[in-house]
Amino acid sequence: IIMDGNGRWAEQRGSSRSVGHRAGAKAVQCVIEFCLESKIECLTLFAFSSENWKRPEEEVSTLMKLFLRMLNTEIEELNRRGVCIRFIGQRSDFAEEIRLKMHWAETLTAGNSVLHLNIAGSYGGRWDIVNACRQLVASEGPDLTPERITESSLGRHMALADQPEPDLLIRTGGDCRISNFLLWQSAYTEFWFTPVLWPDINKTILQTAILDFASRERRFGLISEQLRSVVP
Ligand code: IPE
Ligand code: IPE
Ligand code: MG
């Protein structure tokens with residue numbers, strides 16, 4: 001989910017963008033609740049992009065404080081509910097205090113499997129691809145010849161390579177773009193856009209997105225007839 005629209009939500013109320021981000025954090029709890037109830041196994045939330053660092057210092061600082069607060073207050077409950085937490089993105093961009101909490105949250109919840117909750121922070125799809133290239137080169141050493149670079153060998157080093165590719169990408173806030181989210185992973189993802197601003201998200205809207213998704217035919221490059229013939 002690309003959780004977009006916090007700033008506009010606040011502006012509409014004559015409040016500062018920080019107020020919108022705080023409301024957005026509450027909405028995160030609603031979507032996690034929905035996933036647990038609906039038995040959705042993987043959820044990736046785009047919380048902060050590699051480009052969001054360029055926002056005004058004050059806003060970045062608010063977002064970091066909010067992030068730290070969420071780490072301090074939510075993790076134990078998520079752990080109790082069987083949520084496995086992972087952070088994807090350029091970890092070294094964050095302050096040490098946040099990095100330590102991220103590591104603690106991942107370690108604490110590593111054995112859980114009810115819901116895999118991935119938080120994308122300082123994440124960019126292009127960063128992910130470059131990072132995967134670097135890891136591939138580092139792992140293969142001098143043995144790396146052009147032929148050894150394949151979709152599967154490079155894909156193994158992308159974020160979330162051990163999880164299924166996303167089936168559905170939801171973006172709130174009315175803009176119909178990917179904004180450098182999971183570029184590699186979303187090659188065959190279904191997209192669903194809504195003008196609803198992120199703090200206004202609710203379970204009914206999420207249900208609508210899922211129903212829409214369920215009605216689509218995913219052809220993966222094939223034609224409908226071929227899909228029908230592979231039904232077991
Ligand atoms: C999304 O809301 C939250 C982050 C990007 C951190 P925005 O802050 O982008 O809200 P709008 O798009 O300006 O309304
Ligand atoms: C995308 O929202 C990033 C997150 C939701 C974290 P942005 O608000 O940064 O995207 P643009 O700038 O409108 O493309
Ligand atoms: Mg935005």
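This is a friendly conversation about a predicted model and the reasoning behind some of the words used for it.

Student: Let me start with ligand 2. What makes a residue count as one of the residues around ligand 2?

Tutor: The test is a heavy atom of the residue within 4 Å of the molecule. The residues around ligand 2 include Ile2, Met3, Phe46, Phe48, Arg171 and Ser179.

Student: How do you know that serine 179 makes a polar contact with ligand 2?

Tutor: A polar side-chain atom of serine 179 lies 2.6 Å from an oxygen atom of ligand 2. The cut-off for a pair of N or O atoms is 3.5 Å, so this pair is a polar contact. Asparagine 52 passes too, with a polar side-chain atom 2.9 Å from an oxygen atom of ligand 2. For aspartate 4, a side-chain N or O atom is 3.2 Å from an oxygen atom of the ligand, so that pair also falls within 3.5 Å. Taken alone, ligand 2 exposes 390 Å², and the protein buries 78% of that.

Student: Which element gives the largest share of the shell around ligand 2?

Tutor: That is strand E1, residues 42–49, with 4 residues. By class, the shell around ligand 2 has 5 nonpolar, 3 polar and 4 charged residues.

Student: Now for ligand 1. Where does ligand 1 sit?

Tutor: Ligand 1 sits in the largest pocket, and the space taken by ligand 2 is the largest pocket as well. To sit in a pocket, a molecule needs more than half of its atoms within 2 Å of the pocket's grid points, so ligand 1 meets that test.

Student: Which elements give two or more residues to the shell around ligand 1?

Tutor: They are helix H1 (6–12), helix H2 (17–38) and helix H3 (57–80). The largest share, 3 residues, comes from H1. Of the 13 residues around ligand 1, Asp4, Gly7, Arg8, Arg17 and Arg55 come nearest.

Student: Why is the pair formed by arginine 17 and ligand 1 called a polar contact?

Tutor: A polar side-chain atom of arginine 17 lies 2.9 Å from an oxygen atom of ligand 1, which is within 3.5 Å, so the name fits. The backbone takes part as well: a backbone N or O atom of glycine 7 lies 2.9 Å from an oxygen atom of ligand 1, and a polar backbone atom of asparagine 6 is 3.1 Å from one. Taken alone, ligand 1 exposes 380 Å², of which the protein buries 88%.

Student: What is the phi of serine 122?

Tutor: Serine 122, in strand E3 (residues 115–123), has a positive phi of about 50 degrees although it is not a glycine. Most residues other than glycine have a negative phi.

Student: Why is serine 122 called buried?

Tutor: Its relative accessible area is 1%, and buried means under 20%, so serine 122 is buried.

Student: How do you know whether leucine 160 is buried or exposed?

Tutor: Leucine 160 has a relative accessible area of 11%, under the 20% limit, so it counts as buried. Leucine 160 lies in the loop between helix H6 (151–155) and strand E4 (168–171), and its phi is positive, near 65 degrees.

Student: What makes isoleucine 98 count as buried?

Tutor: Its relative accessibility is 4%, and under 20% is the rule, so the word applies. Isoleucine 98 is found in helix H4, residues 96–109. The C-alpha atoms of isoleucine 98 and glutamate 147, 49 residues apart along the chain, are separated by 40 Å.

Terms used:
Residues numbered from 1 in each chain as written. Chains lettered and ligands numbered in written order. Predicted model: local features only at pLDDT ≥ 70, side-chain atom pairs only at ≥ 80, totals over all residues. Heavy atoms only, no water. Polar contact = N/O pair within 3.5 Å; in protein donor to acceptor, adjacent residues only side chain to side chain. Areas by Shrake-Rupley, 256 points an atom, 1.4 Å probe, with all protein chains shown as cover. 1 Å grid on protein atoms, 1.4 Å probe; cavity = no way out; pocket = protein on both sides within 12 Å on 5 of 7 lines; lining within 4 Å. Nonpolar A, V, L, I, M, F, W, Y, C, P; charged D, E, K, R; others polar. Buried < 20%, exposed > 50% of the residue type's maximum accessible area, 1.4 Å probe, protein only.
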